[in-house]
Amino acid sequence: MAESSAAYPPIMVRGLRHSYEAHPALRGVDLQVRQGTVLGLIGRNGAGKSTLIRALLGLLMPEAGSAWVLGEPALQLTDRVKERLAYVPQQPEAFPWLTAEQMLRFVGQFFPRWDASFAKDTLSRWSIPSTRPLVKLSPGERQRVELIRALASRPEVLVLDEPAAALDPVARRDLLREVALRAGEDGCTVIFSSHIVSDLERVASQVALMHEGQLRLHCELDAAKERYARLWLPAQFTAVAPAAALSRRAQADGSLTLVVERDAGGRWPEVVQMAGARLDALGLEDLFVEIAA
Amino acid sequence: MDASLLMIQPSAPEPIYRQILEQLRRLIAAGQLAEGERLPSVREVAVAHAVNPMTVSRAYGLAEAEGLLERLRGKGMVVAAQSARARSQAERLALLEPPLQALTRQVKELELPAELVLRRLGKLLGE
């Protein structure tokens, strides 16, 4: 709270719970995102990522808990906050009868910091057909138009739900570059959900892993790679396996695979020293699979 | 130095800031980056690789703290004067420690005799 520009975290979530027809989607989620963070939100299909995103933006009334965006309760955002916020859903549906150019010109009027030249340049860079109405575009093209809308509004908070699937590798790199620079240079706060873990690894400063409606891990991305590792213990050592592990899987041959963590002094649990034990550094995707499989 | 000369592998277990720092250490120890040579700005590296500028800053900051780089007003980061002096052999050897340890582990997993591996390595090194 020391920074005068941000007396509150741009995104704050407390005790969120929600379910769909008795199927729990969020089972008590707390999250705070500091200004300038790029938070990569990963998790399997159905882990609750989209529900969390919709609840934290006030697009869904949770059964319990609350969310704040730029200091306002998410369910009662004023226009003052809405114009500083941009969200790209997985399946955008707004203004189907307009062409991309018409739509961007129209919505641009409502954003005080609208960047018309960015919108124009990116439309041609990302090969968006200029004469067809949005309803006639492919889902991928439609989502690209929404990404342009979101970025051109120069938001303070940018929320992207699975944006990368719609983009070819060149456009995807463009998007990542924009996200990285907006966050790193302008202090934009970004939440970015994706299955494509390597995209997140380029730009994310923090990673949050959702599993079965809960956040199982939320830390700096670099710390996630340095602090955790996979430990394999042959069957004869499984009795001395550390009790505290982020995940634990018994293998068919009686051996055990664990995700272990360094202690406050940076040391691994003692058992890693035993002959036959094996410790492997993990990339984010492997860590994801170990925890969520 | 051009930003595209850095190799960045986002999916590697090694964090990106550490990949950048290790490359700077090696390039400077080997004299491939000479004293006073200008480094690409944080922004240039971030743009070239679509990575977070804060990650690049962190690597540069650590390299500065190690005395590898220095910040010159108006010029940005340059290779620091004393680091350009040829490093001792021991220091350069220390930089090889991580790959040597990885190699050692693989040799043990493959249950290969040390002398066979050393002979092959000698050949690769042109002895």
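**Reading loops, cores and a surface patch**

User: Where does A:Glu21 sit in this model?

Analyst: In this predicted model, A:Glu21 belongs to the loop of chain A that links strand S1 (11–20) with strand S2 (23–33). Its phi is positive, about 45°, although A:Glu21 is not a glycine.

User: Why is A:Glu21 called exposed?

Analyst: Happy to explain! The label needs over 50% relative accessible area. A:Glu21 has 84% relative accessibility, so it counts as exposed.

User: And what makes A:Leu70 buried?

Analyst: Buried means under 20%. A:Leu70 comes in at 6% relative accessibility and therefore counts as buried. A:Leu70 is in the loop between strand S4 (64–69) and strand S5 (72–73) of chain A, and has a positive phi of about 45° although it is not a glycine.

User: Which residues have the most contacts inside the largest nonpolar core?

Analyst: Those are A:Leu158, A:Val179 and A:Leu287, in a core of 56 residues. At least three residues of this core come from each of domain 1 (11–212) and domain 2 (226–292) of chain A. Beyond its neighbours within four places in sequence, A:Leu287 has contacts that include A:Leu217, A:Tyr228 and A:Val259.

User: Over to chain B: how do you know that B:Leu93 is exposed?

Analyst: The cut-off is over 50%, and B:Leu93 has 52% relative accessibility, so B:Leu93 counts as exposed. B:Leu93 lies in helix H5 (residues 89–94) of chain B. Together with B:Leu96, B:Leu100 and B:Leu103, B:Leu93 forms a nonpolar surface patch with about 330 Å² of accessible area.

Conventions
Residues numbered from 1 in each chain as written. Chains lettered and ligands numbered in written order. Predicted model: local features only at pLDDT ≥ 70, side-chain atom pairs only at ≥ 80, totals over all residues. Heavy atoms only, no water. Patch = residues over 30% accessible without salt bridge, like charges linked within 9 Å, V, L, I, M, F, W, Y side chains within 5 Å. Areas by Shrake-Rupley, 256 points an atom, 1.4 Å probe, with all protein chains shown as cover. Salt bridge = Lys/Arg side-chain N within 4 Å of Asp/Glu carboxyl O. Helix = DSSP H or I, 4+ residues; strand = E, 2+ residues; numbered from the N terminus. Buried < 20%, exposed > 50% of the residue type's maximum accessible area, 1.4 Å probe, protein only. Core = buried A, V, L, I, M, F, W, Y, C linked by side-chain atoms within 4.5 Å. Domains from an automatic or database assignment. Contact = heavy atoms within 4.5 Å.
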